[in-house]
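Good morning, and thank you for making time for this. I would like to take you through one structure and ask you to keep it in view while I speak.

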Amino acid sequence: MKSHLVLGFLVASSFLANTAQAADVKKSAPPPKLRENEVVAFHEARVASRPDDADAWRMLANAYVARAVATGDGGDYDRGWKMLDKADALFAGDPRVLQARAELLLSRHHFREARLAAEQGLAANPENEDMLAVAGDGALETGDLDTATMYYRKLRAVSTRLTTFARRAHVAEMRGNLDEAAEMLAKALESGYQNASLPQARAWCHAVLGEIELHRGHGDLARKQYELGLKESPNHLLVLEHFGELEQAEGHSDAAEALFRKILAQREDPKAELRVAALLEQRGAKIEAAKYREAAVRFYRRAVASGNEGYLRPLAVFELAAGNVEKAEQLQARDVALRPTAEARGILQFIQDTAAAKRTAPAASKSKPQS
């Protein structure tokens, strides 16, 4: 029996294979106007009027990072890094700039470098909440759960923020301790209400808690969490995504499509595009489904080409489905270098096994006796 990891990978490969076979499909509608563009424009104008303000350059860097997350444009990470260089030139040694660098590296999936930058900051200030968080996140994303747990415990000693408990929940989930993960998320929500966290943060907790409930086999409780999340933040992307996946899994196609389209009304999102494509194909709208699949693949290719390493894995899945095994192996090897987890290595091994089978297939065919 195949593992859940490989089964999920096979499903994704099969799903994207249809994209590779589609031809002459129309381009999807342009993405909606993004708030992130407006924020970047504001901070660009601010630094133009205050070129000697190191904090202004740092805030512009943060705006570029936020836009990179929204659009997949890796070039914004490079722009942000240059803005931090300018801030450093004006105020060398500012710990806030080092923190911004660590967070940029984390967002870009340069997890080891992010952890090292955070640890540099912790050497000067061992109780810095933000540096403890980044150091723990960097360790977690590279599969070092023990070190992540150590940093998150130190974080808990100095912070009772919602995100502190959420991080501990993530570790528990990765260790398979779903009950503990649910308990930590409940504490995160309690902290969120006590400390007047943003509704979006509480909605995020409901989204993740809903996933935990699904893993525990409680679809009804998952639905309740998603409904609570949308009450907190009606357009929250992660809540919409998970709720849509639940509706789709339970056969509520129209409800699922409506939720995925709410995501696409806010921004270009390849996962939502692929979900909509699957739903469209179910009802026979193959041409429109191909359009959405092609849009998703364009996003992945554009993002990776621009230097956004966060999309290496889904692009590797597509390249494998399209028969480009060597390209898939190269992409996934890069993903493993950034995030050497069991999941990442398992996908790379599957691609390598596929490549080996492909190389031996012609030889086996030639050796087969003629009838």
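I shall speak about confidence, then salt bridges, then one helix pair.

Please bear in mind that this is a predicted model. The protein chain has an average pLDDT of 90, and 88% of the residues score at least 70. One stretch calls for caution: across residues 1-28 the pLDDT is below 50. That stretch nevertheless has 47 contacts in the model beyond near neighbours in sequence. Where pLDDT is low, the predicted coordinates should not be read in detail.

I turn now to the salt bridges. How many does the structure hold? There are 36 salt bridges, and I have chosen a few of them.

Consider R267 and E36, whose side chains meet in a salt bridge at 3.0 Å, N to O. This pair connects distant parts of the chain, 231 residues apart. R267 lies in the loop between α14 (253-264) and α15 (270-282), whereas E36 belongs to helix α2, residues 35-49. Both R267 and E36 are buried.

The next pair is D76 and R67, which form a salt bridge with the closest N and O atoms 2.7 Å apart. Are these two residues buried or exposed? D76 counts as buried because its relative accessible area is 0%. R67 has 16% relative accessibility and therefore also counts as buried.

In a third pair, the side chains of E288 and R261 meet in a salt bridge at 3.8 Å, N to O. Here too the pair links distant parts of the chain: E288 sits in helix α16, residues 286-305, and R261 in helix α14, 27 residues apart. With 31% relative accessibility, E288 is classed as partly exposed. R261, at a relative accessible area of 29%, is likewise partly exposed. Elsewhere, salt bridges that share partners join E141, R313, D335, R339 and E343 into one network.

Finally, the helix pair. Helix α12, residues 219-232, packs with helix α13, residues 237-249, at an angle of about 145°, and their axes are 10 Å apart. The crossing of α12 past α13 is left-handed. Which residues of the two helices make the contact? From α12 they are G219, A222, R223, Y226, E227, G229 and L230. From α13 they are V239, L240, H242, F243, L246 and E247. Sorted by class, the contact of α12 with α13 has 7 nonpolar, 3 polar and 3 charged residues.

Thank you; I welcome your comments.

Notes:
Residues are numbered from 1 along each chain as its sequence is written. This is a predicted model: local features need pLDDT of at least 70, side-chain atom pairs count only at pLDDT 80 or more; totals for chains, interfaces and linings use all residues. Side-chain values use heavy atoms; hydrogens and water are left out. Axes are lines fitted to C-alpha atoms, for helices over the stretch in contact, and angles run from 0 to 180 degrees between N-to-C directions. Helices (H or I, at least four residues) and strands (E, at least two) are DSSP runs, numbered from the N terminus. A crossing is left-handed if the near helix is turned anticlockwise from the far one by less than a right angle, and right-handed if clockwise. Contact means heavy atoms within 4.5 Å. Ala, Val, Leu, Ile, Met, Phe, Trp, Tyr, Cys and Pro count as nonpolar, Asp, Glu, Lys and Arg as charged, and the others, Gly among them, as polar. pLDDT is the predictor's confidence in each residue, from 0 to 100. A salt bridge is a side-chain nitrogen of Lys or Arg within 4 Å of a carboxyl oxygen of Asp or Glu. Buried means under 20% relative accessible area, exposed over 50%, partly exposed in between (1.4 Å probe, protein chains only).
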